[in-house]
Amino acid sequence: MHRRTLIKGGVTLIAATIAGARDGGARPAPVLPGDEGLMQVAIDEAAKAEFPFGAVIVKNGELLAQGHNRTRIDRDPTAHGEMVAIRTFLASYGPEALKGATLYTSGEPCCMCMGAIIWCGIGRLVYAASIDQLATKIDQIMLSSEDVASKAPFATIDIAGGVLADKAMGLFN
């Protein structure tokens, strides 16, 4: 066998192995029967905030943490509703308990929050208003949660969007 053939075959094998190991990213998920009720809790949380974003974290059907945007109150630009909910969860339950949890949020997560969601191992994301909808009211970095998740081949997350989107958008009026 010729040396080039061996090298070409080896490179193909390595590329196929790498590609096979990268099966993470976003998976479209259906809206489940309890999603609207839990999204309403996230929207109620958002209504408490000066900047109307709220999030809740649920695992095994139990609401374990919630948070709303505190960027102005805390003078912390990272204190988005999702980040506050994650930090609250971590303080009570630790990082391992986040694996496989579901995060409900009144607005599709920005790239910072989506990165945190992925790094935490949250298994499912449900959002109300999309980045495109939010951009009609406030400035947004135009990267969807699916875009961010697609760049994380090491993690898989189920994503469902549009749950009670009109109610969430109504908070901006």
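**View 1. Lining of the largest pocket in the predicted model.** The lining consists of 19 residues. Those nearest the centre of the pocket are Phe53, His80, Cys110, Asp139 and Gln140. Two or more lining residues come from each of α3 (71-74), α4 and α5, and α5 has the largest share, with 3 residues. Sorted by class, 9 lining residues are nonpolar, 6 are polar and 4 are charged. The volume of this pocket is about 300 Å³.

**View 2. Cysteines 110, 113 and 120.** The cysteine sulfur closest to that of Cys113 belongs to Cys110, at 3.7 Å. A disulfide requires sulfur atoms within 2.5 Å, so this pair is too far apart for a bond. The count of disulfides in the model is 0. Cys113 is buried, at 0% relative accessibility, and Cys120 is also buried, with a relative accessible area of 15%.

**View 3. The largest nonpolar core.** This core holds 27 residues, and Ile57, Ile86, Leu103, Met114, Ile117 and Leu125 have the most contacts inside it. At least two core residues are supplied by each of the strands β2 (54-59), β3 (62-68), β5 (124-129) and β6 (156-160) and the helices α4 (81-93), α5 (111-120) and α7 (145-150). With 6 residues, α5 gives the most.

**View 4. Surroundings of Ile57, and a second core.** Beyond its neighbours within four places in sequence, Ile57 is in contact with several residues, among them Leu63, Leu64, Ile86, Phe89, Leu98 and Leu103. Its contacts also include Glu62 and Thr102. A separate core of 19 residues includes Val56, Ile138, Met169 and Phe172.

Technical notes: Residues numbered from 1 in each chain as written. Predicted model: local features only at pLDDT ≥ 70, side-chain atom pairs only at ≥ 80, totals over all residues. Heavy atoms only, no water. Core = buried A, V, L, I, M, F, W, Y, C linked by side-chain atoms within 4.5 Å. Buried < 20%, exposed > 50% of the residue type's maximum accessible area, 1.4 Å probe, protein only. Helix = DSSP H or I, 4+ residues; strand = E, 2+ residues; numbered from the N terminus. Contact = heavy atoms within 4.5 Å. 1 Å grid on protein atoms, 1.4 Å probe; cavity = no way out; pocket = protein on both sides within 12 Å on 5 of 7 lines; lining within 4 Å. Points joined across faces, edges and corners; volume = space filled by probe spheres on them. Nonpolar A, V, L, I, M, F, W, Y, C, P; charged D, E, K, R; others polar.
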